[in-house]
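You asked for a quick walk through this structure before you open it properly. Here are my notes, in the order I would look at things.

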Amino acid sequence: MNRIKTNIPGFDELIEGGLPEGRSFLISGGPGTGKTIFATQFLINGAKLGEAGIYVTLDERPELIREDMLRFGWNLRQYEDQELIKIIDGTTSKIGIPSDEEFTLPATGFDLDKLLLEIMKTIKKIRAKRVVIDSIPALGLNFQNEHDIRKAILKLVYLLSRAGVTTVMTTEINEDSKQFGKYGVEEFVADGVIILHYMGLGTQSNRTLHIRKMRATKHSEDLHPLQITENGIVIKKIEDYDI
Ligand SMILES: Nc1ncnc2c1ncn2[C@@H]1O[C@H](COP(=O)(O)OP(=O)(O)OP(=O)(O)O)[C@@H](O)[C@H]1O
Ligand SMILES: [Mg+2]
């Protein structure tokens, strides 16, 4: 099996060298746990290897993502100009205002099939190997009931898998719930689930990463310390943990 390297320091070695190619993975965690940073790092590191990627943003406007990610030295614009990264803007259409992004949905409102078509066209155009969907709950906001949301998630994952891309989807967990996704379907259709935790105690913060599931992979079962540094996410070994 071919493995797609995230090149997130300390991460690939926990999963036998990388994410199984052509599958879908969930990054699940509460607000501010680093899901967007993880997903962007996955694309940027792919672009550095010459593997093109697509960022489908349903949460934040593309301009804000570009700005936030510059903090880590990641110049998305530069990779966009080289056709190594494309951002698909699924945020503005749902509130009904036009976007000046190159890849966007019409301002008439959210349309899943239009979004899927745009993703598929862009995969072909830049020969993308990596896709990020940020986030599943934001996608879910476009639907009236959970049945339609589940159908949408299944359709999305099916089409991406047929296109052969390796996908990272972000989602939220409710700390009290036994589910690892919001709708109780993502965690089953995904081939892997990575959980990010954050416990802020006064000035001390404690971030961890845990691999809950990774099909076809012997993976670490530990809670790994995670740091957000000026170069992005770094995963530490349990031995490096300061208590
Ligand atoms: N330069 C930085 N250095 C250290 N930590 C940072 C830096 N920039 C952001 N962070 C931390 O990362 C968090 C944001 O990460 P990210 O946007 O990936 O979270 P998220 O899980 O996507 O959150 P949300 O659910 O709100 O989308 C911030 O809340 C902050 O704690
Ligand atoms: Mg986010």
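**Notes on the predicted model**

1. Let's start with one residue, D89. It counts as buried because 23 C-beta neighbours sit inside 10 Å, and the cut-off for that label is 20 or more. Bear in mind as you read on that this is a predicted model.

2. Where does D89 sit? It belongs to strand β5, which covers residues 85-89. Setting aside neighbours within four places in sequence, D89 is in contact with T57, P62, S99, E101, F103 and T104. For a sense of distance, take A163: it is 74 residues from D89 along the chain, and the two C-alpha atoms are separated by 20 Å.

3. Now step back to the whole protein. You should be able to count seven helices and eleven strands. The radius of gyration is 17 Å, close to the 18 Å that the globule rule gives for 243 residues, so the protein is as compact as a globular protein of that length. If you like a box around things, the C-alpha atoms fill one of roughly 55 × 40 × 40 Å along the principal axes.

4. Two percentages go with that picture. Of the 243 residues, 43% count as buried. Among contacts with a separation of 6 or more, 64% are between residues 24 or more positions apart.

5. Next, the inside. The largest nonpolar core has 62 residues, and the members that touch the most others are I27, L43, I54, V56, V131 and V132. Helix α1 gives the largest share of this core, with seven residues.

6. V56 is a good one to click on. Leaving out residues up to four places away in sequence, V56 touches I88, G90, I119, V131, V132, I133 and D134. Two of the residues on that list, V131 and V132, are also named among the core members that touch the most others.

7. Why call strand β7 largely enclosed by the rest of the structure? Six of the six residues in this strand (residues 166-171) are buried, so that description follows. Both of its faces are covered: T166, V168 and T170 are buried on one side, and T167, M169 and T171 are buried on the other.

8. The partners of β7 are worth tracing too. Strand β3 (residues 24-29) runs parallel to β7 and is joined to it by five bridges, with L26 standing opposite M169. Strand β6 is also parallel to β7, with four bridges between them, and here V131 stands opposite T167.

9. Follow β6 to its end and you reach something to check by eye. The peptide bond from D134 to S135 is cis, with omega near 10 degrees. S135 lies in the loop between β6 (130-134) and α5 (136-140).

10. Which backbone angle draws attention to R127? Its phi is positive, about 55 degrees, although R127 is not a glycine. R127 sits in the loop between α4 (112-126) and β6. It is exposed because just 10 other C-beta atoms lie within 10 Å, and the label applies at 12 or fewer.

11. A216 makes a similar entry on the list. It is not a glycine, yet its phi is positive at about 60 degrees. You will find A216 in the loop between β9 (204-214) and β10, and it counts as exposed because it has 11 C-beta neighbours inside 10 Å.

12. Carry on along the chain into β10. Strands β10 (residues 223-229) and β11 (residues 232-235) run antiparallel and are joined by four bridges. A hairpin of two residues connects them, and Q227 stands opposite V234 in β11.

13. Last, the ligand. Which residues surround ligand 1? They are G29, P31, G32, T33, G34, K35, T36, I37, D59, R71, I228 and E230. By type, the shell divides into three nonpolar, five polar and four charged residues. Helix α1 (residues 35-48) supplies the largest share of the shell, three residues. That makes α1 a helix to keep in view, as it also gives the largest share of the core in point 5.

Terms used
Residues are numbered from 1 along each chain as its sequence is written. Chains are lettered from A and ligands numbered from 1 in the order in which they are written. This is a predicted model: local features need pLDDT of at least 70, side-chain atom pairs count only at pLDDT 80 or more; totals for chains, interfaces and linings use all residues. A residue is near a molecule or strand if its C-beta atom, placed from the backbone, lies within 6 Å of it. Ala, Val, Leu, Ile, Met, Phe, Trp, Tyr, Cys and Pro count as nonpolar, Asp, Glu, Lys and Arg as charged, and the others, Gly among them, as polar. Two strands pair if DSSP finds at least two bridges between them. Two residues are in contact if their C-beta atoms, placed from the backbone, lie within 7 Å. A nonpolar core is a set of buried Ala, Val, Leu, Ile, Met, Phe, Trp, Tyr and Cys residues joined through C-beta atoms within 7 Å. The radius of gyration is taken over C-alpha atoms; the globule rule is 2.2 Å times the number of residues to the power 0.38.
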